[in-house]
Every structure is written in structure tokens, then in C-alpha cells.
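Please examine the sequence and the structure shown below before reading on.

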Amino acid sequence: KEIPKIVWNESKRRFETEDKEAYVEYVVRENGKVMDLVHTYVPSSKRGLGLASHLCRAAFNHAKSHSMSIIPTC
């Protein structure tokens, strides 16, 4: 099974699929020490493919590499 490419869209504060249809939005808190995942969206046509998992994994890896904590609000 092909792993979808997830892109970090820093200006929109989200990680998204290449087609920008599925994404997880975040808010940076505590002077850049915390990434709060506030909203996840996957269109109904793409549900059941594990996209939310791939999006969250990209956000977690990004946070880890920047020494940030995660708050999974969504």
C-alpha cells in the first residue's frame, strides 16, 4: 500500500496531503514549545485509508524533531 505524501504547510499551520484535501491543523503554544493539534479533516471520499494516521504521524515527527510537545485536542 502506497504511503501518501504529507506536506507541511507552515503558512496555514497544517500538515496536508499533496492535493490539500485532507489535513490536520495546529496551533503553536507556549513560545513554540507545544504543538496543539486542533482539527483533523479527511473528505468522505478518502475516509478509511488511514490518512488521519499519516497526517498525525507527520505532525508528531515534526514536533519531535523540533523538541515540541503535542496536545492532541482533536
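The report that follows describes the strands, the helix and the cysteines of this model.

## The sheet

The model is a predicted one. Its five strands form an open sheet in the order β1-β2-β3-β4-β5, and the pairing within this sheet is mixed. Strands β1 (6–9) and β5 stand at the edges; each has a single partner strand, so one side of each is left without a neighbour in the sheet. From one strand to the next, the twist averages 30°.

## The hairpin of β3 and β4

Strand β3 covers residues 23–29 and strand β4 covers residues 34–41. The two strands pair in the antiparallel sense, over seven bridges. Two positions illustrate this pairing. Val 27 has Asp 36 in β4 as its bridge partner, and Val 24 stands opposite Thr 40 in β4.

Together, β3 and β4 form a hairpin, with four residues between them. In the turn of this hairpin, Glu 30 has a positive phi of about 50°.

## From β4 to β5

The pairing of β4 with strand β5 (residues 69–71) is in the parallel sense and extends over three bridges. Here the bridge partner of Met 35 is Ile 70 in β5.

Helix α1, residues 51–65, belongs to the same part of the description: β4, α1 and β5 make a right-handed β-α-β unit. After α1 comes Ser 67, which has a positive phi, near 55°.

## The helix

The length of α1 can be checked by simple reasoning. The expected span is 1.5 Å times one less than the number of residues. For the 15 residues of α1 this gives 21 Å, and the end C-alpha atoms are 21 Å apart, so the expected and computed values agree.

How does α1 lie with respect to the strands? Helix α1 lies across β1, β2 (14–17), β3, β4 and β5, and runs at about 140° to β2. Within the helix, Leu 51, His 54, Leu 55, Cys 56, Ala 59, His 62 and Ala 63 are buried. The buried residues of α1 pack against β1, β2, β3, β4 and β5.

Arg 57 also has its place in helix α1. Its relative accessible area is 44%. A residue counts as partly exposed when this value lies between 20% and 50%, and Arg 57 is therefore partly exposed. Arg 57 and Phe 15 are 42 residues apart in sequence, while their C-alpha atoms are 9.9 Å apart in space.

## The cysteines

Cys 74 lies in the segment after β5. With a relative accessible area of 46%, Cys 74 is partly exposed. Which residues does Cys 74 touch, not counting those up to four places away in sequence? Cys 74 touches Leu 37, Val 38, His 39 and Thr 40. Cys 74 and Val 28 are 46 residues apart in sequence and 14 Å apart in space, from C-alpha to C-alpha.

How many disulfides does a search of the whole structure find? The search finds zero disulfides. Cys 56 is in no disulfide, and the nearest cysteine sulfur to its own is that of Cys 74, 5.6 Å away. Cys 74 is likewise in no disulfide, its nearest cysteine sulfur being that of Cys 56, 5.6 Å away. For a disulfide, the two sulfur atoms would have to be within 2.5 Å.

Notes. Residues are numbered from 1 along each chain as its sequence is written. This is a predicted model: local features need pLDDT of at least 70, side-chain atom pairs count only at pLDDT 80 or more; totals for chains, interfaces and linings use all residues. Side-chain values use heavy atoms; hydrogens and water are left out. Two strands pair if DSSP finds at least two bridges between them. A crossover is right-handed if, with the strands pointing away from the viewer, the path from the first strand over the helix to the second runs clockwise. Axes are lines fitted to C-alpha atoms, for helices over the stretch in contact, and angles run from 0 to 180 degrees between N-to-C directions. Contact means heavy atoms within 4.5 Å. Buried means under 20% relative accessible area, exposed over 50%, partly exposed in between (1.4 Å probe, protein chains only).
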